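Colleague: Before I set up any calculation on this system, could you take me through the model and show how each answer follows?

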Amino acid sequence: MGIKDNLNKLLDKLPENVTLVAVTKTRSESEIMEAFNSGHRIFGENRVQELVDKKENLPEEIQWHMVGHLQSNKVKYIAPFVKLIHGVDSLKLLKVINKEGRKNNRIIDCLLQIHIAEEETKFGLSEEEVVNIFSSPEIKKMGNISICGLMGMATFTDNREQIRKEFRQLAGLFGKLKDEFSEKLPCFGELSMGMSSDYDIAIEEGSTMIRVGTEIFGERNR
Ligand SMILES: *Cc1c(COP(=O)(O)O)cnc(C)c1O
């Protein structure tokens with residue numbers, strides 16, 4: 001099966017309220033164009049340099065999402081065009097995104113990354129940290145960012161019950177924050193969770209946005 005078939009098969013399965021971000025890291029421009037030519041427009045990268053290079057060489061209509069960890073000093077390269085930043089994990093990074101948004105005369109949509117996995121290595125905020133960010137006086141003054149929801153990555157494991165538990169915990173926090181801060185954060189509505197190996201569980205647990213690479217483009221070599 002080719003990229004087009006994989007993509008259509010996946011899209012057929014998705015509930016209407018779930019957005020697919022096709023993750024294109026390590027993929028060639030011709031592979032991406034295969035997905036583009038079958039009608040897909042939302043693509044994600046996890047490295048700034050790769051995102052910038054692909055943005056330059058591929059069609060203007062593509063909506064580029066930054067899905068990986070983002071360093072403050074690299075925000076400026078993607079600020080002019082990025083559609084959604086999934087992995088924001090500090091107030092400091094939000095401030096930088098806001099500053100770069102202002103320079104570009106844009107409001108940049110962001111998701112806050114929450115730490116749900118068991119592994120120490122995964123990035124993300126705790127529940128307490130995210131509440132502190134929303135409650136901070138500084139956030140009100142940031143006119144060039146919009147916090148549109150949360151993102152999380154489950155533990156890398158075959159234990160599907162554990163993955164489900166982690167996604168459920170994230171969805172619970174998402175619902176709670178939505179209730180608590182809906183006036184402050186009118187656009188807060190996206191829950192980005194689920195990759196090739198676990199998007200089915202993520203959708204059952206309330207995901208609105210899945211980030212899938214391997215299932216569309218095949219195994220990565222690097
Ligand atoms: C690579 C990547 C994905 C997609 O992973 P697959 O297993 O290939 O579907 C999703 N999210 C992030 C942050 C990634 O880096």
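**Ligand shell, first helix and two buried residues**

Colleague: How many nonpolar, polar and charged residues are in the shell around the ligand?
Modeller: This is a predicted model, and the residues around the ligand include Val23, Lys25, Asn46, Met195, Gly213 and Arg220. Sorted by class, the shell comprises 4 nonpolar, 4 polar and 3 charged residues.

Colleague: What percentage of the accessible area that the ligand has on its own does the protein cover?
Modeller: Polar side-chain atoms approach the ligand at several places: one of Thr214 lies 2.6 Å from a ligand oxygen, and one of Arg211 is 2.9 Å from a ligand nitrogen. In the side chain of Ser196, an N or O atom is 2.5 Å from an oxygen atom of the ligand. Of the 390 Å² of accessible area that the ligand has on its own, the share covered by the protein is 92%.

Colleague: Why are the buried residues of helix 1 on the same side of the helix?
Modeller: The buried residues in helix 1, which spans residues 3-13, are Ile3, Asn6, Leu7 and Leu10. They share one side of helix 1 because the arc they cover around the axis is only 95 degrees.

Colleague: Which exposed residues does the face of helix 1 turned away from its buried side carry?
Modeller: The buried residues of helix 1 pack against several elements, among them strand 1 (19-23), helix 2 (29-37) and helix 9 (199-204). On the face turned away from that buried side, the exposed residues are Lys9 and Asp12.

Colleague: Is Thr208 buried or exposed?
Modeller: Thr208 sits in the loop between helix 9 and strand 8, and its side chain reaches the backbone nitrogen of Leu191 at 2.8 Å. Beyond its neighbours within four places in sequence, Thr208 is in contact with Asn17, Val18, Thr19, Gly189, Glu190 and Leu191. Its relative accessible area is 12%, and since the cut-off is under 20%, Thr208 counts as buried.

Colleague: What is the relative accessible area of Ala202?
Modeller: Ala202 belongs to helix 9, and, not counting residues up to four places away in sequence, Ala202 touches Phe167, Met193, Gly194 and Ser207. Ala202 is buried, and its relative accessible area is 0%.

Colleague: What distance separates the C-alpha atoms of Ala202 and Asn57?
Modeller: Along the chain, Ala202 and Asn57 are 145 residues apart. In space, the separation between their C-alpha atoms is 33 Å.

Conventions. Residues are numbered from 1 along each chain as its sequence is written. This is a predicted model: local features need pLDDT of at least 70, side-chain atom pairs count only at pLDDT 80 or more; totals for chains, interfaces and linings use all residues. Side-chain values use heavy atoms; hydrogens and water are left out. Buried means under 20% relative accessible area, exposed over 50%, partly exposed in between (1.4 Å probe, protein chains only). Helices (H or I, at least four residues) and strands (E, at least two) are DSSP runs, numbered from the N terminus. The arc is that of the directions from the helix axis to the C-beta atoms. Contact means heavy atoms within 4.5 Å. A residue is near a molecule or strand if one of its heavy atoms lies within 4 Å of it. A polar contact is a pair of N or O atoms within 3.5 Å; within protein, one must be able to donate a hydrogen and the other to accept it, and residues adjacent in sequence count only if both atoms are side-chain atoms. Accessible areas come from the Shrake-Rupley method with a 1.4 Å probe; for residues, only the protein chains shown count as cover. Ala, Val, Leu, Ile, Met, Phe, Trp, Tyr, Cys and Pro count as nonpolar, Asp, Glu, Lys and Arg as charged, and the others, Gly among them, as polar.
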